[in-house]
Number of protein chains: 2
Amino acid sequence: MSVSTLVTAERDTEAGTLHQRILNDIEGKIVSGEWPIGHRIPFEVDLAREYGCSRMTVNKVLTQLARAGLIERVKKSGSFVSQPHTQSAVLEISDIRKEVESLKLPYAFNVPRVAKRKAQGADRLLLDVPVGTAILDITCVHLAGGKPFCLEQRLINLSSVEGVDQADFTKIPPGQWLLSQVPWSSAEHRIHAAAADATTAEQLGIAQGTACLVIERRTWSAGAAVTQVRLTYPGDRHALVATFTPSS
Amino acid sequence: MSVSTLVTAERDTEAGTLHQRILNDIEGKIVSGEWPIGHRIPFEVDLAREYGCSRMTVNKVLTQLARAGLIERVKKSGSFVSQPHTQSAVLEISDIRKEVESLKLPYAFNVPRVAKRKAQGADRLLLDVPVGTAILDITCVHLAGGKPFCLEQRLINLSSVEGVDQADFTKIPPGQWLLSQVPWSSAEHRIHAAAADATTAEQLGIAQGTACLVIERRTWSAGAAVTQVRLTYPGDRHALVATFTPSS
DNA sequence: AAGTGGTCTAGACCACTCG
DNA sequence: GAGTGGTCTAGACCACTTG
């Protein structure tokens, strides 16, 4: 009924959609501690009456809060403020070129090695393909302001990507090319610290043994292994930053 | 889908709710490349007719896909398969005790230092409080199987947390205590690699200069700085792992 | 057995943009 | 100006769980 628009207009004191206002309100009560951990949130029907909206709107809000982990929903019992179990942080791992350009530094790269070969036993641990599969083994050094910024060591499963033969990885970095070619993918990241070995140190222009941040990523698309990459950053020149807000 | 493939058809369509089935279907078309980057997705009304459901149900699905970043929605024009812009990885940064226990190792910790003092200039960079604020400065070494596992250096804003005086941080680790006391929070993470300095090396029982993974986290609650913590892991003994799937 | 959340519908109005 | 997505409603039925 159009009558309800009058009622909701009255509440229109704050910005955003009805969702947002209700969500902010409830989130505020949880974040501030007014509704402590374990507190039972009013039932959907009651909230709907309180906010003067339909139950679906409230449901949408509570569903979102549950997905964010602020509340837990139990059938028949109701919804409860949940205990913060794990701090989850969303890392945005972007294109290296963009990474460099966001630092206001000129970007460049060179490719010391491109080799096509058959997968060996050691590769299986990295790329998850049968021995004998044709793979591309690439080393790429990314430069920021003319200085080494990141060492990229990559394996590509040639049978899972079309048109790799046509790609010229001396003109476009392999990571960027793959991003534009492979439709969508799932990935697994592993982040750790390691001392630079002799080869790494030389290619990055740092002293052997320097602490480096290492990001290893394995990527699948449609169930097939696509690529494995190890990105090595000199530790003092790079940091991953992630922010986290409750309902995001 | 033909009637003869009853079994597979059943598996396809029996994957939970109507949302899920439609979402999986559309996600499949995007992930497989059947709908390439830039492809315009059918309008909501058409999808609703195709799937035999109401527009709201389709809207829910497309909204979810948009939130996951697989599609972009433009008013009047329609929805389009978007280019994978950044690889976003969700890190689950859990309680250190749980971390250790998940390794099937006995957990223990000791607290070499607990000091209450006024915030100095150097602290401002870390904790985001005015000079002179009462803070707690804690160092905590977490042990796994009797060996140092992680060094925790923490500052707590005493004016933002109630009951800190009653807490005995020799019995419960500060991180765990805070997690149970502070309602909810936003956080900022910074991850990098660093060589262990003399103090760190001694407390972790490793050689000076060893590559370490450093996680720094600043936490706010209700707009006020709560705590800042630096977790230092010996690089070869620890890794952060994150997985990523398109629509999660 | 009752009440909860989970889901879905068939409409509706709006703001915004593009053909 | 027409068509898109964005949002919201007032119902409805179901599955499940717990008092």
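## Starting at DNA strand C

Let's begin with one contact: a backbone N or O atom of Leu18(B) sits 2.6 Å from a phosphate oxygen of DNA strand C. Keep in mind that this is a predicted model. Two more residues reach phosphate oxygens of this DNA strand, this time through their side chains. For Arg73(A), an N or O atom of the side chain is 2.6 Å from a phosphate oxygen of DNA strand C, and for Ser54(B) the corresponding distance is 2.9 Å. Which elements give two or more residues to the surface near DNA strand C? They are H4 and E3 of chain A, along with H2 and H4 of chain B.

Now step back and look at the whole neighbourhood. DNA strand C is surrounded by 21 residues, and the closest are Arg55(A), Arg73(A), Leu18(B), His19(B) and Thr57(B). Of the DNA strand C atoms that come within 4 Å of the protein, 58% belong to sugar and phosphate. Sorted by class, the surface near DNA strand C has five nonpolar, nine polar and seven charged residues.

## Over to DNA strand D

How many residues surround DNA strand D? There are 22, and the closest are Leu18(A), His19(A), Thr57(A), Arg55(B) and Arg73(B). Sugar and phosphate make up 61% of the atoms of DNA strand D that come within 4 Å of the protein. By class, you'll find five nonpolar, nine polar and eight charged residues on the surface near DNA strand D.

Zoom in and you can pick out single contacts. Arg73(B) puts a polar side-chain atom 2.5 Å from a phosphate oxygen of DNA strand D. Ser54(A) uses its backbone: an N or O atom there lies 3.0 Å from a phosphate oxygen of DNA strand D. What does a polar side-chain atom of Arg55(A) lie 2.9 Å from? Its partner is a base nitrogen of DNA strand D. As for the elements, helix H2 (18-31) and helix H4 (55-68) of chain A, plus helix H4 (55-68) of chain B, each supply at least two residues of the surface near DNA strand D.

## The annotated domain and its little sheet

An unreviewed UniProt entry places the feature "domain: HTH gntR-type" at residues 16-84 of chain A. That span is 52% helix and 14% strand, and its end C-alpha atoms lie 27 Å apart.

In chain A, three strands make an open sheet in the order E1-E3-E2, with antiparallel pairing. Strand E1 (40-41) and E2 of chain A are at the edges with a single partner strand each, so one side of each has no neighbour in the sheet. E1(A) is joined to E3(A) by two bridges, and Arg40(A) has Phe80(A) as its bridge partner in E3(A). Four bridges connect strand E2 (residues 71-74) of chain A with strand E3 (residues 78-81) of chain A, and here Val74(A) is partnered with Gly78(A). E2(A) and E3(A) form a hairpin with three residues between them, and Lys76(A) in the turn has a positive phi of about 75°.

Chain B has an open sheet of three strands too, in the order E1-E3-E2 and with antiparallel pairing. Why do strand E1 (40-41) and strand E2 (71-74) of chain B each have one side left without a neighbour in the sheet? They stand at the edges, so each has a single partner strand. E2(B) runs antiparallel to strand E3 (residues 78-81) of chain B, with four bridges between them; Ile71(B) is opposite Val81(B) there.

## A pairing across chains

Strands can also pair from one chain to the other. Strand E11 (residues 240-244) of chain A and strand E8 (residues 186-195) of chain B run antiparallel, joined by five bridges. In that pairing, Thr243(A) stands opposite Glu188(B). E8(B) also pairs in the antiparallel sense with strand E9 (residues 211-221) of chain B, over ten bridges, and one of the matched pairs is Ala194(B) with Cys212(B).

## A pocket lined by both chains

The second largest pocket holds about 630 Å³ of space. It is lined by 18 residues, and the closest to its centre are Lys60(A), Thr63(A), Arg67(A), Lys60(B) and Gln64(B). H2 and H4 of chain A, together with helix H2 (18-31) and H4 of chain B, each supply at least two residues of this lining. By class, the lining has two nonpolar, twelve polar and four charged residues.

Methods. Residues are numbered from 1 along each chain as its sequence is written. Chains are lettered from A and ligands numbered from 1 in the order in which they are written. This is a predicted model: local features need pLDDT of at least 70, side-chain atom pairs count only at pLDDT 80 or more; totals for chains, interfaces and linings use all residues. Side-chain values use heavy atoms; hydrogens and water are left out. UniProt positions are given in the numbering used here, feature names are shortened, and annotations may be inferred rather than shown by experiment. A residue is near a molecule or strand if one of its heavy atoms lies within 4 Å of it. A polar contact is a pair of N or O atoms within 3.5 Å; within protein, one must be able to donate a hydrogen and the other to accept it, and residues adjacent in sequence count only if both atoms are side-chain atoms. Ala, Val, Leu, Ile, Met, Phe, Trp, Tyr, Cys and Pro count as nonpolar, Asp, Glu, Lys and Arg as charged, and the others, Gly among them, as polar. On a 1 Å grid over the protein atoms alone, a cavity is a set of points where a 1.4 Å probe fits but cannot get out, and a pocket is an open set with protein on both sides within 12 Å along at least five of seven lines; lining residues have an atom within 4 Å of a point. Grid points are joined across faces, edges and corners, and a volume is the space filled by probe spheres set on the points. Two strands pair if DSSP finds at least two bridges between them.
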